[in-house]
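User: I would like to understand the reasoning behind some of the terms applied to this protein. Please set each term against its definition.

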Amino acid sequence: MLTRLQCLTAAVRTKRPIVQCARRNSKLTFDEVLNKEKSKTTLQAELPYIMTHRKYKYSEGKVYHGFECKRIEYIPDFELTSCTLRHVGTGTEFWYIDRNDTNNVFSINFRTTPFDSTGLPHILEHLALCGSKNFPVRDPFFKMLNRSVATFMNAMTGPDYTLYPFSTMNEADFRNLQKIYLDAVFRPNLDYLDFLQEGWRLEHKELNNQKSDLIIKGVVYNEMKGAFSENSQVFMQNLLNNMLPDHTYGYVSGGNPLEIPKLTHDDLVKFHKKYYHPSNARIFCYGSFDLMRTLELVDKKYLSQHEAINNSYSRIPSQLRWSRPRNVHIPSRLDNMGASFNRQNQIAIALMMCDITDIQESFELNVLCEVLIRGPNSAFYQSLIEPNFSGGYNQSTGYSSDCKDTYFVVGLQDLKVEDFKKFNDLFDKTVLKTIKEGFESQHIESVLHNLELSLKHQSPHFGNALLFNSTALWNHEGDVVSSLRVSEMIAKLRSNLKDSKNYFQGKIEQYMVNNTHKLTLTMSPDEMYEENFKQAEKDMLKQKVSALDSVNLEEIYQNGIKLEKSQKTIHNTDVLPCLSIADVKDPPNLPKIETNTIQNVLTQLCKVPTNEITYLKCLFNITGLTQDEVMLVPLFCNVINDMGTQKHDFRTFDKLILSKTAGIDFKLNFVENVKDAKSYRLGLMMTTYALDKNVPDMFGLCQELLLNFRLEDTGRLKMLVENYISNISVGITSSGHIYAMLSASGLVSDAAKLKSLLSGVDHIDFMKNYLQQNNIEKICDKLKAIGKKVFNKSNMRSAINSSDSYHASAMHHYECFLEKLPMFEKTKSSNEIKLLEPSLQHYVMNIPVNYCAKSFFAAPYLHEDHPVLRVLAKFVSAKYLLPVVREQNGAYGAGAKIGSDGLFSFFSYRDPHSAKTLNAFDNTYEWLLTENANIDQQTLFEAKLGVLQQLDSPIAPGNVGIDYFLYEVSQEMFVKYRSRVLSVTVDELRNVIHRYFKEEPAHFGKCILGPANDKLEQETKLKWKVIS
Ligand SMILES: [Zn+2]
């Protein structure tokens, strides 16, 4: 895949649920992630960096456990010390980041450069995690998910690298996982049966009937079919393949489903031997745990057994520059949830930029791209977006620095074919205009301010972000250490801009005008796309089958039976390490939260080390809005900050916001009563943050927006509404399980129904119809009415997180802000929840895989059964759903969860089946009965650890206290809930099984997102509501 494949656990991680407003247009590019995640310490932009001769525990030139320390540098931007080491025997690079952060990270990266699209590196990534020499257990990785309190565990395949990262705050856990990961990559078993399960295989439709038809199965095979059912993924993949076609980037590293069945097990074993050699490995280690223990383990147990080899075979040459631009057109699947057929096209122009290892140049080009693309003050936004002939930027837009050569992309989605030419003309005109007119320095400054602010903003996953953002550069032997000196790079850019008035124009001329390595990629829907794919799949299958002789056929039959047997065998997992209760018994330290009433506004205060940033959240109760108005709140949240105010037009206002704050965002908030789940509240939350010195401006801008928002510009509003609708229909299939659960829950209660209408698949349909039936003036009036009703202090609560030293000042500015807000009458605070009659819904989508879900009402969050059910959900996921729905039936993911709304849900992800999976959900009770005797202390404890991973996940300083603020779950309640999770007994688990699973629940819903299926009623013997 172009960026990264989120493998294995991608579909499974959910935190305490927060309603996701359907705004999903903010795709993070690689570099935005970098900027958002980097944090800490004072900027020294004006001062040259001076290496202080501080005494450090390690020294350059010394050898530690077989590793020679090559370079030590202190990076003040992030308060970290970087230590680069190299293994003397094998040449393995080892990058250690020493930082006072408890969320430690470890990762092993390989440069993997495939020369076909069979998905070799991707299938190898899966197989490496299927058992190794020291841990000969089926799927130790998945088993470890329940024996650890990892804050992150995954493996990913990029276009030219494969990485195996994890993070954890617990040192015992860190040491356990290190052993598993190292053994997995350096000494995997790579069993043939695992290859059949994870990669691809021919198998009889009815396993035990040798006369039944043969079909193709495999986890990655289905994963990739699912990945390419998202048009934006297809577009991005093709952009990469066509932009850098000459070497490894010309292929699909994740695997093209039609090519996957060309891969043999033998190819895979050879590839492992060559590319997973220690000399081709890079090891990353971050945090506060002792380095020496890690080095000793890596050297003694793994690297010392290998000799160095020359790893230049995996190096990637620069793409040869073209002498003339190219055009490529590709077909896509018709998305029945997307825009109308004649508008469902995409176009993008991509231009080759620089080598990734040229870090200052790449950094400056990244900033330049932001200046050109982002927001209403940028040239491309003004020329391409504001004329409103498309659905806005497409997902590929931005600066791409994930490969050896970087490139810039600007593209549009949902436009007519007739407008392709217009796009090209506008592109050229914009480039020339920018060269002629230059840039407004205030605009550039606002982009740089945002970058500097993001350096200070603290993220609890800093180590992972650092790894992900450095991987591509490191992989190409770039200077990753210097690339961390962000404020130096900013200072250098500032000085370049000062020295040469036309600095950026020069770059535009070089990279955009005099650049013949330019690709124009267009994509249009083809009604035959799915048919063509099915036909090609059929032909491939036919060809495969016709080549088989009787010996092969017998082998396939036997393998099918062997695989099923092995999948059903219970393996002894005792060889795997596991945490003990003593490792996790104490809750994490929770900072103190105060609540005061200030000018009648309930205000939550939290003094935490925020690194000179003040965070503000204002939550407006909107339960008093009419049903009609509520339905428009997601749209309201999306446009209100983009329209300007009475005092400032939208361009000026955007500039002001970006130069003083991190942005002012609005989001719908939906909370069920955690005590009884009998009522719910609707809220609208405003969030923002700023450097302490800009806090007066931050409050001033919030006040201006809340009191003087402006919606009258109906031309602009129309454009924003249309872009909004285009954006909400992107990405449904990549989060299909979330949408399926939202819809299934929506069949259980009226509150969940509303939630699905506000943020689920139903929301897309609602918005499309709404726009058809109402003119923009009417929409404008409705939105105005919402703002007028909502923004007042009588129905508001706030939360402020700031450092101790700035707290008093923050409070002073907050009080001034409150004084200006109007007082209204208090509106009602909550609505009652009504449970619904059971029903079933099938959303017919033009995709080749299914997402299935079943939900039922179980118990409210604070009910004593809730923690038990949460433990049970983990147990059922790990011991029942994963083995059956994933391993045996071939879905990419499956699981169960219970939300804070009290709804218990099952889901499957990229699933070849529907009726069969729903049947498996229904059979949970029968399975639990047969499993009853096997529930022992260890399985119970593992399920508890799964819950603790979520409960104890680290929280950013700006978000401390959020659970109390949103859900009224106090720290005492949290601690009680946590200890309840830890104390769950086997008997209690058995009790809830009988109480909640024995009888079909009174209120449940089932939902499928997937292809048309006329046999569904026959297969399920139930009546389905079909929505197409
Ligand atoms: Zn995968």
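The exchange below concerns a predicted model and takes up its nonpolar core and one sheet.

User: What makes the 156 residues a nonpolar core?

Analyst: A nonpolar core requires buried residues of nonpolar types joined through side-chain atoms within 4.5 Å. The 156 residues form the largest such set, and Phe408, Phe666, Leu783, Tyr814, Phe817 and Leu1009 touch the most other members. Helix 10 (residues 359–373) supplies the largest share, 9 residues. Apart from this core lies another, of 94 residues, including Met153 and Tyr181.

User: Which residues does Phe408 touch, beyond four places in sequence?

Analyst: Contact means heavy atoms within 4.5 Å. Among the residues that Phe408 touches are Ile349, Cys369, Phe427 and Met512.

User: Why are strand 12 and strand 14 called edge strands?

Analyst: The open sheet has 5 strands in the order 12-16-13-15-14, with mixed pairing. Strand 12 (326–332) and strand 14 (398–400) each have a single partner strand, so one side of each is without a neighbour in the sheet. On average, neighbouring strands are turned by 25° against each other, direction ignored.

User: How do you know that strand 12 pairs with strand 16?

Analyst: Pairing needs at least two bridges. Strand 12 is joined to strand 16 (residues 518–525) by 7 bridges, so the criterion is met. The two strands run parallel, and His329 has Thr522 in strand 16 as its bridge partner.

User: Where does helix 10 pack on the sheet?

Analyst: Helix 10 touches strand 13 (345–355), strand 14 and strand 15 (405–415), and its direction makes about 160° with that of strand 14.

Note on methods: Residues numbered from 1 in each chain as written. Predicted model: local features only at pLDDT ≥ 70, side-chain atom pairs only at ≥ 80, totals over all residues. Heavy atoms only, no water. Buried < 20%, exposed > 50% of the residue type's maximum accessible area, 1.4 Å probe, protein only. Helix = DSSP H or I, 4+ residues; strand = E, 2+ residues; numbered from the N terminus. Axes fitted to C-alpha atoms, helices over the stretch in contact; angles between N-to-C directions.
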